[in-house]
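Let us take a walk through this fold together, going from one stretch of chain to the next. Keep the viewer open and follow along as the residues are named.

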Amino acid sequence: MINEYDEIKQLLKKSRMLQEQVAPPVNIDADIEGEEEFETAPQEDKSKTYRVSGGLIKLNGKSKQDLELSSDEKTAFQETMDEFVDQVSDMADYGTLNLYPNNVEWSGKIIDKDIDFMYSIGESNGIYINGDMIKVDAEFLDTINKLSSYYDQFKAKWAKIIAQRKKTKSVESEE
């Protein structure tokens with residue numbers, strides 16, 4: 001009587017024999033000799049994270065130039081965190097600010113309200129919030145209004161940064 005192990009072993013043996021019959025051996029040297037043009041695949045996305053005044057900013061792009069953090073971007077990030085404390089809440093844990101060629105995403109958590117937030121500009125504009133069983137009262141609505149009013153400043157500041165990065169990239173590519 002054949003047990004399962006022997007049965008699997010026989011199936012593998014048959015599979016290998018069939019594979020050898022179907023796929024002829026490949027001569028790599030002969031394949032390399034002829035020159036052919038191939039379309040190059042798009043460059044792979046790269047990222048680099050920087051720590052700025054206790055927060056993290058992650059630059060995402062395809063070239064080394066896309067991954068360089070300018071002093072204007074450092075200043076804008078520091079101002080963003082400071083303004084958030086002044087205008088929304090000083091009890092916040094900030095996530096990483098992700099700067100892409102066409103959009104910016106920044107998330108965090110307002111600790112005392114147990115609200116996770118995400119600001120996004122570019123491809124998916126808006127303010128996104130998440131929380132578990134949040135009591136909707138005047139204090140909560142006030143916090144949402146603060147998040148909303150600060151978003152306009154955030155959007156204006158980081159839209160300029162994206163535009164500046166695109167302008168810098170096009171100027172350098174012309175040179």
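Between β5 and β6 there are 4 residues, and the two strands form a hairpin. In its turn, G122 has a positive phi of about 110°. Since this is a predicted model, please read that angle, like every value here, as computed from predicted coordinates. The pairing of β5 with β6, which spans residues 126-130, is antiparallel and runs over 5 bridges. If you would like one pair to look at, take M118, whose bridge partner in β6 is Y128.

Now turn to the other neighbour of β5. Strands β4 and β5 also pair in the antiparallel sense, over 7 bridges. Here M118 of β5 stands opposite S107. This hairpin too has 4 residues between its strands, and D114 takes a positive phi near 55°. How much of β5 is buried? The count is 5 of its 7 residues, so the strand is largely enclosed by the rest of the structure.

From the strands we can move to a helix. α3 has 17 residues, and the distance from its first C-alpha to its last is 24 Å, close to the 24 Å expected at 1.5 Å a residue. Its buried residues are E73, A76, F77, T80, M81, E83 and F84. Where do they sit around the axis? They cover an arc of only 165°, which puts them on the same side of α3. On the other side of the helix, S71 and D86 are exposed.

Next comes the interior. The largest nonpolar core holds 26 residues, and those that touch the most other members are F84, L97, W106, F154 and W158. At least two core residues come from each of β2, α3, β3, β4 (104-110), β5 (115-121) and α4 (138-174). The largest share, 7 residues, is supplied by α4. W106 is a good residue to centre the view on: leaving out residues up to four places away in sequence, its contacts include F77, T80, M81 and F84, along with L97, M118 and F154.

Two further residues are worth a stop. L69 lies in the loop between β2 (55-61) and α3 (71-87). Is this loop residue buried or exposed? L69 has a relative accessible area of 14%, which is under the 20% limit, so it counts as buried. Beyond four places in sequence, L69 touches Y50, V52, I57, L59 and K74. K48 is 21 residues from L69 in sequence, and the two C-alpha atoms are 9.2 Å apart. The other stop is N98, in strand β3 (residues 92-99). With a relative accessible area of 16%, N98 is buried. Apart from neighbours within four places in sequence, N98 is in contact with K58, N60, N103, V104 and E105.

Finally, step back to the whole chain. Its secondary structure comes to 4 helices and 6 strands, and from the N terminus on the order is α-α-β-β-α-β-β-β-β-α. Of the 175 residues, 25% count as buried. The chain exposes about 12,700 Å², and carbon and sulfur atoms supply 51% of that area. Among contacts between residues at least 6 apart in sequence, 45% join residues at least 24 apart.

Notes:
Residues numbered from 1 in each chain as written. Predicted model: local features only at pLDDT ≥ 70, side-chain atom pairs only at ≥ 80, totals over all residues. Heavy atoms only, no water. Buried < 20%, exposed > 50% of the residue type's maximum accessible area, 1.4 Å probe, protein only. Contact = heavy atoms within 4.5 Å. Core = buried A, V, L, I, M, F, W, Y, C linked by side-chain atoms within 4.5 Å. Areas by Shrake-Rupley, 256 points an atom, 1.4 Å probe, with all protein chains shown as cover. Pairing = 2+ DSSP bridges. Expected span 1.5 Å × (residues − 1). Arc of directions from axis to C-beta.
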